[in-house]
Amino acid sequence: MFTQRLTVKQIILSIMLTLLWLPAGADQEKISIQLKWKHGFQFAGYYAAIEKGFFKQAGLAVSLKEIDFKKDFVEQVLAGESEYGVSDSTLLVYHLKN
């Protein structure tokens, strides 16, 4: 019997592709969450909330944006490229300085 073990990368890619194919309702507010790193298990709560439909029930169509190393992820949130960000107190410090 042949069994294939999926890697973490394959599982995450499968989840992300599934999310791309799910239609967002017209009445849902589209928001993005800027992650402080690449897609991974540290953000499992967000993936689970999307998969379980918690954001959808709240009227939100959520997209997760992984870090772009060419940009400062904090500046992306402060500039409005993403509505929310996952970080530590760095976001608050940037906000207070702005």
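This is a short group-meeting talk on the sheet, the nonpolar core and the salt bridge of one model.

Hi everyone, thanks for coming. Before we start, please keep in mind that what you see is a predicted model.

Let's begin with the sheet. It is open and has three strands, in the order E2-E1-E3, with parallel pairing. Strand E2, residues 60–65, and strand E3, residues 84–85, stand at the edges with a single partner strand each, so one side of each has no neighbour in the sheet. As a reminder, strands of a sheet pair through backbone hydrogen bonds, either parallel or antiparallel. Here, E1, which covers residues 29–34, pairs with E2 in the parallel sense over six bridges. If you want a place to start looking, find Glu 29, which stands opposite Leu 60 in E2.

Now to the core. Which residues make up the largest nonpolar core? There are 11 in all: Ile 31, Ile 33, Leu 35, Phe 43, Tyr 47, Ala 49, Ile 50, Phe 55, Val 62, Leu 64 and Val 86. E1, E2 and helix H2, residues 44–52, each supply at least two residues of this core. The most comes from H2, which gives three residues. In soluble globular proteins, nonpolar side chains tend to be buried together.

Two members of that core deserve a closer look. One is Ile 33. Leaving aside residues up to four places away in sequence, Ile 33 touches Tyr 46, Val 62, Ser 63, Leu 64, Lys 65, Tyr 84 and Val 86.

The other is Val 86, which lies in the loop between E3 and helix H5, residues 90–97. Is Val 86 buried or exposed? Its relative accessibility is 13%, so Val 86 counts as buried, the cut-off being under 20%. Try locating Trp 37 as well: Val 86 and Trp 37 are 49 residues apart in sequence, while their C-alpha atoms are 8.9 Å apart in space.

Last stop, the charged side chains. How many salt bridges does the count come to? Just one salt bridge. Glu 81 forms it with Lys 71, and the closest N and O atoms are 3.4 Å apart. The pair links distant parts of the chain, 10 residues apart: Glu 81 sits in the loop between helix H4, residues 73–78, and E3, whereas Lys 71 sits in the loop between E2 and H4. As for accessibility, Glu 81 is partly exposed at 40%, and Lys 71 is partly exposed too, with a relative accessible area of 41%.

That's my tour; happy to go back to any part of it with you.

Definitions and conventions:
Residues are numbered from 1 along each chain as its sequence is written. This is a predicted model: local features need pLDDT of at least 70, side-chain atom pairs count only at pLDDT 80 or more; totals for chains, interfaces and linings use all residues. Side-chain values use heavy atoms; hydrogens and water are left out. Two strands pair if DSSP finds at least two bridges between them. Helices (H or I, at least four residues) and strands (E, at least two) are DSSP runs, numbered from the N terminus. A nonpolar core is a set of buried Ala, Val, Leu, Ile, Met, Phe, Trp, Tyr and Cys residues joined through side-chain atoms within 4.5 Å. Buried means under 20% relative accessible area, exposed over 50%, partly exposed in between (1.4 Å probe, protein chains only). Contact means heavy atoms within 4.5 Å. A salt bridge is a side-chain nitrogen of Lys or Arg within 4 Å of a carboxyl oxygen of Asp or Glu.
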